[in-house]
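Got the viewer open and a hand on the mouse? Let's walk through this one stop by stop, selecting as we go.

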Amino acid sequence: MKRRYDVLVVGGGPGGAIAARTAAEKGLSACLIEKRPAIGVPVRCAEGIGKETLKGFIEPDDRWISAEVHGAQFVAPDGTSMSVERKMAGSKVGYILDRKIFDRELVWQAAAAGADIFVKTRAVAPILDDGRVRGATVSFCGEDRKVEADVVIAADGIESKFARWCGLDTTVPMRELMSCAQYVLADIDIDPYVTVFYFGNRIAPEGYIWVFPKGVRMANVGIGISGRKSRDGHRARQLLDRFIADTFPRGKMVECIVGGVSVCRPLPCTVADGLMVVGDAARLADPMTGGGIANAMITGKLAAGVAAEAIGKGDVGRDSLRGYDDAWRSSVMGKSLEKNYRIKEIFITLDDAKLNALIQTGSRLDLKDFSVLTLVKELMKRNPKMLLELKNLYAVLK
Amino acid sequence: MLVIHRDICGYCGACVSVCPEGALELIDAYLTVDDRCTACRICTRICPLGALEVADEATV
């Protein structure tokens, strides 16, 4: 480990790995630190990602793709189900990854591009100079070392501390933290090409239960519920256990995963003097789906690009780094985050009767020319009782 | 004070993200709490496993 780098990346998930790879490709000296002793574990993810987004960062490889998804199915509280197939979902089709292998591949690519990588190495404090971030004190297998850097990229995930130490308030509101649990279930009857989403205020309040195929007879079966709906006897894991007892009573749990996903708006500002925040640490998970991998990679790449320009100019102050914040906010991703936040805020108000009505209508539609907008238009015609919510939804979507 | 039931904790860090004081930190598989904790109970609510509990000073 050198005493000085152009860029220090805190966190070895997809956001950090892409940031380090991009920084190294741009000719910067880059160092990525990961507090855990191995990259990719423990997995804390449902592992779904859109095909096209992924291809923008890495060539798909069977070694880390568990399943290719051709369609999605939505199940209402009353059991009505609605399917969206490949030809209608367009670019929405995707993969279920094997994050253990995927994350390692990304970090290996960062290493191959020239970045230094250190595991079991944790940032314990920023090096601050008159409020400017100048690197970090890191604990390297228990030994404290100072690592100076022009820019620190905080990619430290949902449990992010680095940005907070530098003065940014990263607190996720309780109601906007999805409390999640997931099992990898083996030996279950599933369609290996379809993701299934179960909705209902009884089974998953303000969230959903997912079944994401991991191959033949194997799936990630998980749940996310709003933090404000979580309490003793009614926690994510307990609700998931109830669902599994009903739906997959013979499934064998080969992995137990828990985690938190933010569904709040992103941090109001994702840069400071010498600091950039990416991915889940910047609260950039999609508020509608909870997906975070794509946005972490997108912002990791953008951040490293802007860092390279700023370092080239010799100015890594907040105003110089602000181009990163502007870039992601005005991107397709940034706009979709805001749109999906507003859709989520409407969705969480729907009671089970309304969720049933929505999915019943959807299941009766001829979805040849499917788009969410045409679906909402059709719903407005057929569900006069829901006109208010649907009007709001239509206003967000159009 | 906040009690961490380590046999239950899944060391996922969800609690760290909601702590308004920044009192919690996840060090690999080990959750820590420091004296900034105000026993506000937000973390005890959102824990997916129920590993956190605010115990009465007298009973600890």
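Start with two helices in chain A: select H9(A), residues 332-347, and H12(A), residues 387-397. This is a predicted model, and in it the two axes come within 10 Å and cross at roughly 175°. H9(A) and H12(A) are therefore roughly antiparallel to each other, as any angle over 145 degrees counts that way. Now show side chains at the contact: H9(A) brings Lys339(A), Arg342(A), Ile343(A) and Ile346(A), while H12(A) brings Glu389(A), Asn392(A), Leu393(A) and Val396(A). Colour them by type and you get four nonpolar, one polar and three charged.

Stay in this part of the chain and pick Leu379(A), which sits in helix H11(A), residues 372-382. Buried or exposed? Leu379(A) has 22 other C-beta atoms within 10 Å, so it is buried. Leaving aside residues up to four places away in sequence, Leu379(A) touches Leu358(A), Thr361(A), Met386(A) and Leu390(A). Try a distance label on one of those pairs: Leu379(A) and Thr361(A) are 18 residues apart in sequence, but their C-alpha atoms are 6.3 Å apart in space.

Next, select H8(A), residues 318-330. Put a distance between its end C-alpha atoms and you should read 18 Å; at 1.5 Å a residue, its 13 residues should span 18 Å, so the two agree. Which residues of H8(A) are buried? Highlight Ser320(A), Leu321(A), Tyr324(A), Asp325(A) and Trp328(A). A helix reminder helps here: with 3.6 residues a turn, residues three or four places apart point the same way. To see what the buried residues of H8(A) pack against, switch on strand S17 (271-272), strand S18 (275-277), helix H7 (293-313) and H9, each in chain A.

While S18 and H7 of chain A are showing, follow the loop between them to Arg283(A). Check the backbone there: phi of Arg283(A) is near 65°, a positive value in a residue other than glycine. Arg283(A) is also buried, with 28 other C-beta atoms within 10 Å.

For a loop with another backbone feature, go to Pro42(A), between strand S2 (30-33) and strand S3 (48-50) of chain A. The peptide bond joining Val41(A) and Pro42(A) is cis, with omega about -10°.

Zoom out and colour chain A by domain. Domain 1 takes 4-45, 100-172 and 266-330, domain 2 takes 58-97 and 173-262, and domain 3 takes 341-397. Taken over C-alpha atoms, the centres of domain 1 and domain 3 of chain A are separated by 38 Å.

Now bring chain B into view. How many residues does each chain give to the contact? Chain A gives 26 residues and chain B gives 20. On the chain A side, the elements that supply two or more residues are strand S12 (177-186), helix H6 (236-247) and strand S16 (252-262). The residues on that side of chain A divide into eight nonpolar, seven polar and 11 charged.

Last stop: Asp28(B), in the loop between strand S2 (24-27) and strand S3 (30-33) of chain B. What is unusual to look for in its phi? The value for Asp28(B) is near 55°, positive in a residue other than glycine. Asp28(B) counts as partly exposed, with 13 C-beta neighbours inside 10 Å.

Terms used:
Residues numbered from 1 in each chain as written. Chains lettered and ligands numbered in written order. Predicted model: local features only at pLDDT ≥ 70, side-chain atom pairs only at ≥ 80, totals over all residues. Axes fitted to C-alpha atoms, helices over the stretch in contact; angles between N-to-C directions. Helix = DSSP H or I, 4+ residues; strand = E, 2+ residues; numbered from the N terminus. Parallel < 35°, antiparallel > 145°, perpendicular 65-115°, else oblique. Contact = placed C-beta atoms within 7 Å. Nonpolar A, V, L, I, M, F, W, Y, C, P; charged D, E, K, R; others polar. Expected span 1.5 Å × (residues − 1). Buried ≥ 20, exposed ≤ 12 C-beta atoms within 10 Å, placed from the backbone. Domains from an automatic or database assignment.
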